[in-house]
Amino acid sequence: VTFVSPDGSESDRQPVARDRIAEAVFTDTKHSGIYEVRTAAPDGTITFASQQWHDYSGLSPENEAQDWLRLSLHPDDHDRCLATWGRALESGNACEIEVRNRRHDGVYRWFLTRATPVRDGRGQISSWFGTTTDIHDRKLGEEALRESEMRFRAVSETANDAIVTVNEDGRIQYWNPGAARMFGWPADEAVGEAPAIGRVGHDV
């Protein structure tokens, strides 16, 4: 997106036009999972954030512009986000990051934030355009899956019985110590192979 005046220079009305476009983009995309849009100056100072974000965070536009990283981010995500955003500002490259943002009641939810540079007619960065998408339910699902896998391994690694899983191609994905003992086939050899019925010492 480029905002220039007829003589090729940036228009004084660019911030107003940019904010209106940002709001329009948010209106068009809010049903696709995008929670908010925002714009920032070339140095990273927030110049616009959609109303839904202010309702979520409880931050005023002034607080958002001055110190949104400290006020919005989970303490464990602050330094990582600051480093990612700093590299983007220095390099002029787009970036994305998953972080937890604080809701107005103190609850943190996971979001995917993307930022893309907007350049003028001379190729210089005139602003940044960003979107924030709520991914909290997905992150909770991923965490639940990891915990389930950890519990499965904790049980299967100590089980005396053989526990084996195969993928849709019929190749072994997991081969526990019990299977290795029972069939005399080490896991580092079995995983990735197709069970060989009738193979002496390796029957599964």
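**Exposure, cores and cysteines**

Trainee: What relative accessibility makes R153 count as partly exposed?
Mentor: This is a predicted model in which local features need pLDDT of at least 70 and side-chain atom pairs count only at pLDDT 80 or more, while totals for chains, interfaces and linings use all residues. Residues are numbered from 1 along each chain as its sequence is written, and side-chain values use heavy atoms, with hydrogens and water left out. Buried means under 20% relative accessible area, exposed over 50% and partly exposed in between (1.4 Å probe, protein chains only). R153 counts as partly exposed because its relative accessibility is 44%.

Trainee: Which helix holds R153?
Mentor: Helices (H or I, at least four residues) and strands (E, at least two) are DSSP runs numbered from the N terminus. R153 falls in the run of residues 136–156, helix α5.

Trainee: How many residues are in the largest nonpolar core?
Mentor: Such a core is a set of buried Ala, Val, Leu, Ile, Met, Phe, Trp, Tyr and Cys residues joined through side-chain atoms within 4.5 Å. L69, C81, W85 and W128 have the most contacts (heavy atoms within 4.5 Å) inside this core, whose residues number 13. Helices α3 (61–72) and α4 (75–91) and strand β3 (95–102) each supply at least two of them. To repeat the count, the core has 13 residues.

Trainee: Why is C81 in no disulfide, and how far is the closest cysteine sulfur?
Mentor: C81 is buried, at 6% relative accessibility. A disulfide needs two cysteine sulfur atoms within 2.5 Å. The closest cysteine sulfur, in C95, is too far for a bond, because its distance from that of C81 is 7.8 Å.
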